[in-house]
Amino acid sequence: MDQVTNEIVSYYEHRYEEATRLQRRPQSRLERIRTLELLRELLPPAPARVLDVGGGPGAYARELITDGHHVRLIDIVPSHVEQARAGVPPIDAVVGDARELPEPDAAHDATLLLGPLYHLHERADRVRAIREAIRVTRPGGPIVVAAIGRFAGPIDFVATARFDDRTVAEARRLVTDGVNDTSIGFTQAYFHRVSELRDECREAGLAGVVIHGVEGPAWPAAEAAQSGPDAERIFDAALELARVYSAEPDVAGVSAHLLAIGTRAA
Ligand SMILES: C[S@@+](CC[C@H](N)C(=O)[O-])C[C@H]1O[C@@H](n2cnc3c(N)ncnc32)[C@H](O)[C@@H]1O
């Protein structure tokens, strides 16, 4: 395993609790609700065979199993795979790398790639991971690819009152460089511009790509308001805006996460 991948595995094994991430803060609650809404709109009727690549401990996989789908989860972090297998309902999960999926061609009706892309620094690796997702999906099947928006970090730092000279410098650096500075936070990661995500999906051969902004343009307002008296009202309003502007290209890049949705050409 290369050094960057080692760092990512060690981060999730020892320094970060992924299992509860989607419940912790307004941004991640918006992410969970909107991602599930979009998945339920685009997945074939249950029971479909769904491959969840980078599925972590299985937050989305479990919801989809409950919906009646057959889900197989692949993740590079062994403890995530153990948690996926051990939870309720248990998930068919194996350790594997998104760049070289241990799956036959066209074996799944739909494939999710919700995580690996933003942990790959090299464009060639990202395109390779999307190509792998396409390879294992049946012709005509949907493929969903998640990225982290290039400017999510600085926007989050403002929303949560953590903005200082260092974060101004980081905000400036991100205009020209999408690689995360791990000394500020998170782990080895790459943050996408909307146009980059679209280009990488196209280069990999994904057909009919539409890019969604997951949390919508008002997620920073929901973060800033979270301890105040209007927290719930602002959260609900941010969720409505996320639905209205989901596929609106002019605001997609403000979301913390982007979802590229396309299909394997028939
Ligand atoms: C932030 S978590 C997202 C988990 C879940 N899919 C979600 O959207 O909530 C990113 C996941 O991608 C996994 N991952 C990172 N690089 C990967 C790779 N090259 N192949 C497979 N999984 C990878 C990590 O182990 C982690 O579980």
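In which loop is A106 found? The answer is the loop between β3 and β4, where β4 covers residues 110-113. A106 is a good place to pause, since the residue has a positive phi of about 55° although it is not a glycine. Keep in mind as you explore that this is a predicted model.

Let us step back and take in the whole chain. The protein chain has 12 helices and 8 strands. Taken along the principal axes, its C-alpha atoms fill a box of roughly 50 × 40 × 35 Å. How does the radius of gyration fit with the chain length of 266 residues? A compact globule with that many residues would have a radius of gyration near 18 Å, and the protein chain has 18 Å, so the two agree.

Now we can follow some of the helices as they pack. Start with helix α3, residues 26-42, and helix α11, residues 231-244. Their axes come within 11 Å and cross at roughly 40°. Because angles under 35 degrees count as roughly parallel and 65 to 115 as roughly perpendicular, this crossing makes α3 oblique to α11. The crossing of these two helices, α3 and α11, is right-handed. If you would like to find the place where they touch, look for P26, L30, I33 and R34 in α3, which meet F235, A238, L239 and A242 in α11. Sorted by class, the contact of α3 with α11 has 7 nonpolar residues, 1 charged residue and no polar ones.

A second pair to visit is helix α6, residues 123-135, with helix α9, residues 194-204. Here the axes come within 8 Å and cross at roughly 55°, and α6 and α9 are therefore oblique to each other. This crossing of α6 and α9 is right-handed. On the α6 side the contact is made by R123, R126, V127, I130, R131 and I134, while α9 brings E200, C201, E203 and A204. The class count for the contact of α6 with α9 is 5 nonpolar, 5 charged and no polar residues.

The third pair is helix α7, residues 152-159, and helix α8, residues 165-174. They pack at an angle of about 155°, with their axes 9 Å apart. An angle over 145 degrees counts as roughly antiparallel, so that is how α7 runs relative to α8. α7 passes α8 in a left-handed crossing. The residues that meet are G153, P154 and F157 in α7 and T167, E170, A171 and L174 in α8. The contact of α7 with α8 divides into 4 nonpolar, 2 polar and 1 charged residues.

Next, turn to the ligand. How many residues surround the ligand? There are 20, and the closest are G54, G56, V77, A98 and G115. By class, the shell around the ligand is made up of 10 nonpolar, 6 polar and 4 charged residues.

To finish, here are some backbone details to look for in the loops. A cis peptide bond joins A46 and P47, with omega about 5°. You will find P47 in the loop between α3 and β1, the strand at 49-53. Another cis bond runs from V88 to P89, where omega is near -10°. P89 belongs to the loop between α5, at 78-86, and β3, at 92-95. From β3 you can return to our starting point, because the loop between β3 and β4 is where A106 is found.

Methods:
Residues numbered from 1 in each chain as written. Predicted model: local features only at pLDDT ≥ 70, side-chain atom pairs only at ≥ 80, totals over all residues. Axes fitted to C-alpha atoms, helices over the stretch in contact; angles between N-to-C directions. Helix = DSSP H or I, 4+ residues; strand = E, 2+ residues; numbered from the N terminus. Left-handed = near helix turned anticlockwise from the far one by under 90°. Contact = placed C-beta atoms within 7 Å. Nonpolar A, V, L, I, M, F, W, Y, C, P; charged D, E, K, R; others polar. Near = placed C-beta within 6 Å. Rg over C-alpha atoms; globule rule 2.2 N^0.38 Å.
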